[in-house]
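I opened my notebook to work through one model from the whole chain down to a single helix. Here is what I looked up, step by step.

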Amino acid sequence: KEEAKFFTDELWQALRQKFNIPSDFLHKFSFKSFSDGGGKGGSLMARTTDGKFIVKEMSDGDHASLLKLSKPLIEKMMTASTLIVRFFAHFEIHGKKYVAM
């Protein structure tokens with residue numbers, strides 16, 4: 001079983017704590033449940049087994065942008081009301097990058 005590599009997880013962990021989301025919220029996620037989700041560019045999407053979160057595959061460009069913008073984005077999500085969809089994890093597994101929201 002391949003372990004996920006989490007990006008800037010110390011920042012995402014603070015956001016998860018603020019919204020009372022356990023750090024293992026993706027523990028039972030199955031990558032076999034992916035389907036074309038109508039995401040940007042036909043990205044694959046799937047719900048967690050409890051249906052509370054969505055995991056979406058990211059393009060290399062979106063991944064690079066999120067790496068650059070994680071800190072200000074998370075600060076905005078933590079301190080202000082926003083209509084931005086909250087991401088709770090940014091990670092790589094099986095050579096592909098994902099975001100959990």
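First, a definition I needed: the expected span of a helix is 1.5 Å times one less than its number of residues. Helices (H or I, at least four residues) and strands (E, at least two) are DSSP runs, numbered from the N terminus.

I noted that this is a predicted model, where local features need pLDDT of at least 70, side-chain atom pairs count only at pLDDT 80 or more, and totals for chains, interfaces and linings use all residues. Residues are numbered from 1 along each chain as its sequence is written, and side-chain values use heavy atoms, leaving out hydrogens and water.

**Whole chain.** I found two helices and six strands, and from the N terminus they run β-α-β-β-β-α-β-β. Along its principal axes, the C-alpha trace spans about 35 × 30 × 25 Å. I also saw that 37% of the 101 residues count as buried (under 20% relative accessible area, with a 1.4 Å probe and protein chains only).

**Helix H2.** Does its length fit, and what is the expected span? H2 covers residues 60-79, and its 20 residues should span 28 Å at 1.5 Å a residue; the end C-alpha atoms are 28 Å apart, which agrees. I next looked at leucine 69, where H2 bends by about 65 degrees (the angle between axes fitted to the seven residues ending there and the seven starting there). A proline, proline 72, follows within four residues.

**Buried side of H2.** Which residues of H2 are buried? I listed His63, Leu66, Ser70, Leu73, Ile74 and Met77. An α-helix has 3.6 residues a turn, so residues three or four places apart point the same way. The cover over the buried residues of H2 includes helix H1 (9-18) and strands S4 (54-58), S5 (89-93) and S6 (96-100).

Technical notes
Buried < 20%, exposed > 50% of the residue type's maximum accessible area, 1.4 Å probe, protein only. Contact = heavy atoms within 4.5 Å.
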